[in-house]
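Grab a viewer and work through these exercises at your own pace. Each one has a task, then a solution that goes step by step.

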Amino acid sequence: MPNALATLTLALWPFVTVVLFQKLPPGRAVIVTLLVGYLFLPEPPAGFDFPLLPPLTKHTIPALSAFFMWFWLYSDDFRPLPRSPLAVGLLFLFIFSPVATALMNLHPVYWGEFVIQAMTIKDSIGFVIQQILLVIPFLLARRFLTQAEDQRDLMYAFMIGGLIYSVPMLLEIRLSPQLNLWIYGYYQHDFVQTIRFGGFRPMVFLYHGIWAAFFLLMSILAAFALWRAQKITSNWALLGAALYLTAVLVLAKSLGAWLFAAALIPSILLLGTRLKMLLAVCIAAFAITYPALKGVGLVPETAILEAAGNIDPDRAASLEFRFTNENRLLERAQEKPLFGWGNYNRNQIMNPSNGVIETITDGRWIILIGQLGWLGFLAEFGLLVLPVFLLWRETRYRSTEDYSVLIVPLSLILAVNVFDMLPNATLTPLTWLMAGALTGYAESLRDDRGAYQSNNRLQWRPVL
C-alpha cells in the first residue's frame, strides 16, 4: 500500500499548482503542473476515494487544481467550450453518454449461477464526473495553449521532461525498477513485466514500462522536431539531446516504442511539412477506424503475427493473445453496441462454471466499446483526433510561413499517441493536453482565415 509520503505529495500538489500559476504565465503553469504531476506523483492506488466521487489520483488532481486556478484568476474569460460545433457535440457525448449506459444496464448479468450487479443512477453520476475529470486537460490546453509560442513551450517541455526522466530510467535499467517502491512504499505493477531482452524495462513513477518508454519516444520526437525546425548548423545541443534520448530508449527495451521510433524519426527529419501532416492524418484516421475494420475482418491479423514472429516470438505470442481477447470482447460488445455494458466487468466474459473472468482488456478502444459502446468510443477518440483533421484543413492551403511548423510534428505525436491506444490503455493527461493545444491553435488559425483569404485570393471550403 502507498506510504504517507505518497498521500502527502498528492495532497500538497494543489498548493504547488497555486504557486505555479502565481509565478509563471498560465500556459506554462498548465504544462508544468500536468507534466511534472504525471511524471513524478505516485500512481494509483495512491489517491483519495471520497463518497460518490471517482478516486482522485495523479491523473486528475493536477488538472482539477489548474481548472480551479483558471476559474479563480480568469473568471471574466471563462469560456471552456470549443468553438467547433463538432467538438462541442463530441464533448457533450463524451461526458453524458454514461447516463444512457447506466439506464440501459439496470439489470444484473447472469453467467450460470454467478451474477454481476446492475448499474444504478448513482453509477451514472460517478461516471459523468469521471469523464469531466478526464477531459479537463483538454479544456485547459484549448484555453491557454493557443499560440505558436505555446506549441513551442509544449515541445520543449516534452524534451526537457525526457532529459530529466532519463536519469531515473537509467538507474532502473541498471538496478531494476525499484524507485516507486523505495520512495512511495509500493510496487505499481507486475515485476515480471519489467524483464525484457535479458535486462530491465524502467517504469520510474509511471504505471508500466510501456508508458515510460512511450513518454521517452515523445521526448525524442520533440527534440528532433525542434532541431529540424531551427537552423540546424547552430543547434547541435538539440541534436545531442535527441541522440542521447534515443540511446536511452534503446536501453529501455520496449519493442513497440522501438518500432515507432524507427518509423517516425526519419519521418520527422526527412519528410516535408505537408507530407508529415498527411502522415498524421492517415495515422489518426486508421486509429479511429480500426475497430470498424476489425469488426468486418479487414485487419490482416495473420500477416501481422507472422511479421511480429520474425522479430520476437514472445511478443508475437503476446500479440496473438491480445487479438484473441479483442475478438471475443468485440463479439460481447455487439450485444449492446451503442452504449455498452457499463462497469463492474459487465463487458467481460465470465466462465459460468467457476465465476472466473476469462478475458483481458488491453487496448483502450476495446475497453471503451465494451463499457460505453460505439458512441462512447467515437466521442473519446473523435475528440482526440479531431484537431489533427482541423489543422490539416486549415493549413493545406497556406504557406508554411503562415503558421507554426511545430504544430505538424505535434500533430504527428498526438496521432501516434491515439494509435498506441489500440494495443494499450495508454490514455494520459498529456494526450488530452496535446489535443486541447492543437484544437486551440486550429481555432486561432480559423480566426485569421479571413485576412489570409483576402491576401492570398484563395477559395476556402467550409471546415468541420
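**Exercise 1: a bridge off a helix**

Arg 328 is partly exposed, with a relative accessibility of 32% (buried is under 20% relative accessible area, exposed is over 50% and partly exposed is in between, using a 1.4 Å probe and protein chains only). One note before we go on: this is a predicted model, where local features need pLDDT of at least 70 and side-chain atom pairs count only at pLDDT 80 or more, while totals for chains, interfaces and linings use all residues. Numbering runs from 1 along each chain as its sequence is written, and side-chain values use heavy atoms, with hydrogens and water left out.

Task: find the residue with which Arg 328 forms a salt bridge.

Solution.
- Step 1: look for a salt bridge (a side-chain nitrogen of Lys or Arg within 4 Å of a carboxyl oxygen of Asp or Glu). The partner is Glu 358, and the closest N and O atoms are 3.1 Å apart.
- Step 2: place the two ends. Arg 328 is in helix H13 (residues 313-333), and Glu 358 is in the loop between H13 and helix H14 (364-395), so to speak a link between distant parts of the chain, 30 residues apart (helices are DSSP runs of H or I with at least four residues, strands are runs of E with at least two, and both are numbered from the N terminus).
- Step 3: check the other end. Glu 358 is also in the partly exposed class, at 35% relative accessibility.

**Exercise 2: more salt bridges**

Task: say how many salt bridges there are by this rule, and work out which helices the pair Asp 153 and Arg 28 ties together.

Solution.
- Step 1: count them. The total is 9 salt bridges.
- Step 2: take one of them. Asp 153 and Arg 28 meet through their side chains, with 3.0 Å from N to O. Asp 153 sits in helix H6 and Arg 28 in helix H2, so this pair ties together parts that lie 125 residues apart in sequence.
- Step 3: compare accessibility. Asp 153 is buried at 16%, whereas Arg 28 is partly exposed at 43%.
- Step 4: try another pair. The side chains of Glu 335 and Arg 332 meet at 3.5 Å, N to O. Here Glu 335 is exposed at 52%, while Arg 332 is buried at 6%.
- Step 5: look for shared partners. Arg 83, Arg 142 and Glu 443 are joined by salt bridges into one network.

**Exercise 3: a pocket along two helices**

Task: describe what lines the second largest pocket.

Solution.
- Step 1: get its volume. That comes to about 260 Å³ (a pocket is an open set of points on a 1 Å grid over the protein atoms alone, where a 1.4 Å probe fits, with protein on both sides within 12 Å along at least five of seven lines; lining residues have an atom within 4 Å of a point). Grid points are joined across faces, edges and corners, and the volume is the space filled by probe spheres set on them.
- Step 2: list the lining. There are 13 residues, and Ile 31, Val 32, Leu 35, Ala 157 and Ile 160 lie nearest the centre. Helix H2 (26-40) and helix H6 (148-175) are the elements that give two or more residues.
- Step 3: find the main contributor. H2 supplies the largest share, 7 residues.
- Step 4: sort by type. The lining has 10 nonpolar, 1 polar and 2 charged residues (Ala, Val, Leu, Ile, Met, Phe, Trp, Tyr, Cys and Pro are nonpolar, Asp, Glu, Lys and Arg charged, and the others, Gly among them, polar).

**Exercise 4: backbone oddities**

Task: find out where Val 204 and Asn 345 are, and which residues a cis peptide bond joins.

Solution.
- Step 1: start with Val 204. Its phi is positive, about 55°, although Val 204 is not a glycine. Val 204 is in the loop between strand S4 (199-200) and helix H8 (209-229), and is buried at 1%.
- Step 2: move to Asn 345. This non-glycine has a positive phi of about 65°. Asn 345 is in the loop between H13 and H14 and is partly exposed at 41%.
- Step 3: find the cis bond. Pro 44 and Pro 45 are joined by it, with omega about 20°; Pro 45 is in the loop between H2 and helix H3 (61-73).
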